[in-house]
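Open the model in a viewer and keep the sequence panel beside it. The stops below say what to select next and what is there.

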Amino acid sequence: MKKERAVYIGEPLKQLRIETGMSQEEFAHCYKLGRSYMSDLEETQKVHPL
C-alpha cells in the first residue's frame, strides 16, 4: 500500500495571492473555497494531501 505524502502549499499560495493583489476572501472565491479554509492553507495549520 502506498503512503500519501503531505504537501505544504501555504507559502507559495500566499505569495501568489499577494502578487495578484487579492484578499484571502477574493482569492478563495476564485477557487470556490471558503476564506477560513484559505487561511488554514496559508498558515499550514492543516495537512492537505494531493
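**Start at helix H3**

Select H3 and look at its buried residues, which are Met38, Ser39, Asp40, Leu41 and Glu42. Helix H3 covers residues 35-42, and a loop separates it from helix H2 (24-30). Step just past the end of H3 to Thr44, where phi is positive at about 50°. Keep in mind throughout that this is a predicted model.

**The whole chain**

Zoom out and colour by secondary structure. The protein chain has 3 helices and 2 strands, and from the N terminus on their order is β-α-α-α-β. Now colour by pLDDT. The mean over the protein chain is 83, and 74% of the residues reach at least 70. Among the elements, H2 has the highest mean pLDDT, 95, and strand S2 (residues 48-49) the lowest, 54.

Switch to a surface view. The accessible surface of the protein chain is about 4200 Å², and carbon and sulfur atoms hold 53% of that. Of the 50 residues, 24% count as buried. If you display contacts with a separation of 6 or more, 45% of them in the protein chain join residues 24 or more positions apart.

**The nonpolar core**

Which residues make up the largest nonpolar core? Select Leu13, Phe27, Ala28, Met38 and Leu41; these 5 residues are the whole set. Two elements, H2 and H3, each give two or more residues to this core. In soluble globular proteins, nonpolar side chains tend to be buried together. Met38 and Leu41 were already on the list of buried residues of H3.

**Glu42 and its partner**

Stay on H3 and select Glu42, which lies in that helix. Is Glu42 buried or exposed? Glu42 counts as buried because its relative accessibility is 6%, below the 20% cut-off. Leaving aside residues up to four places away in sequence, Glu42 touches Gly10, Glu11, Lys14, Arg17 and Gln24.

Add Arg17 to the selection. Its side chain meets that of Glu42 in a salt bridge, with 2.6 Å from N to O. Arg17 belongs to helix H1 (residues 10-20) and Glu42 to H3, so the pair ties together parts that are 25 residues apart in sequence. Both Glu42 and Arg17 are buried. A search of the whole structure finds 1 salt bridge.

**The loop between H2 and H3**

Move to the loop between H2 and H3 and select Lys32. What is the sign of phi at Lys32? Phi is positive there, about 55°, although Lys32 is not a glycine. Most residues other than glycine have a negative phi. The residue is also exposed, with a relative accessible area of 76%.

Then select Leu33, which lies in that loop as well. Leu33 counts as partly exposed because its relative accessibility is 32%, and partly exposed residues fall between the 20% and 50% cut-offs.

**Last stop: a surface patch**

Keep Leu33 selected and add Tyr31 and Tyr37. Together Tyr31, Leu33 and Tyr37 make a nonpolar surface patch of about 280 Å². To finish, show the patch with the core residues, among them Met38 and Leu41, and with the salt bridge between Glu42 and Arg17.

Definitions and conventions: Residues numbered from 1 in each chain as written. Predicted model: local features only at pLDDT ≥ 70, side-chain atom pairs only at ≥ 80, totals over all residues. Heavy atoms only, no water. Helix = DSSP H or I, 4+ residues; strand = E, 2+ residues; numbered from the N terminus. Buried < 20%, exposed > 50% of the residue type's maximum accessible area, 1.4 Å probe, protein only. Contact = heavy atoms within 4.5 Å. Areas by Shrake-Rupley, 256 points an atom, 1.4 Å probe, with all protein chains shown as cover. Patch = residues over 30% accessible without salt bridge, like charges linked within 9 Å, V, L, I, M, F, W, Y side chains within 5 Å. Salt bridge = Lys/Arg side-chain N within 4 Å of Asp/Glu carboxyl O. Core = buried A, V, L, I, M, F, W, Y, C linked by side-chain atoms within 4.5 Å. pLDDT = per-residue confidence, 0-100.
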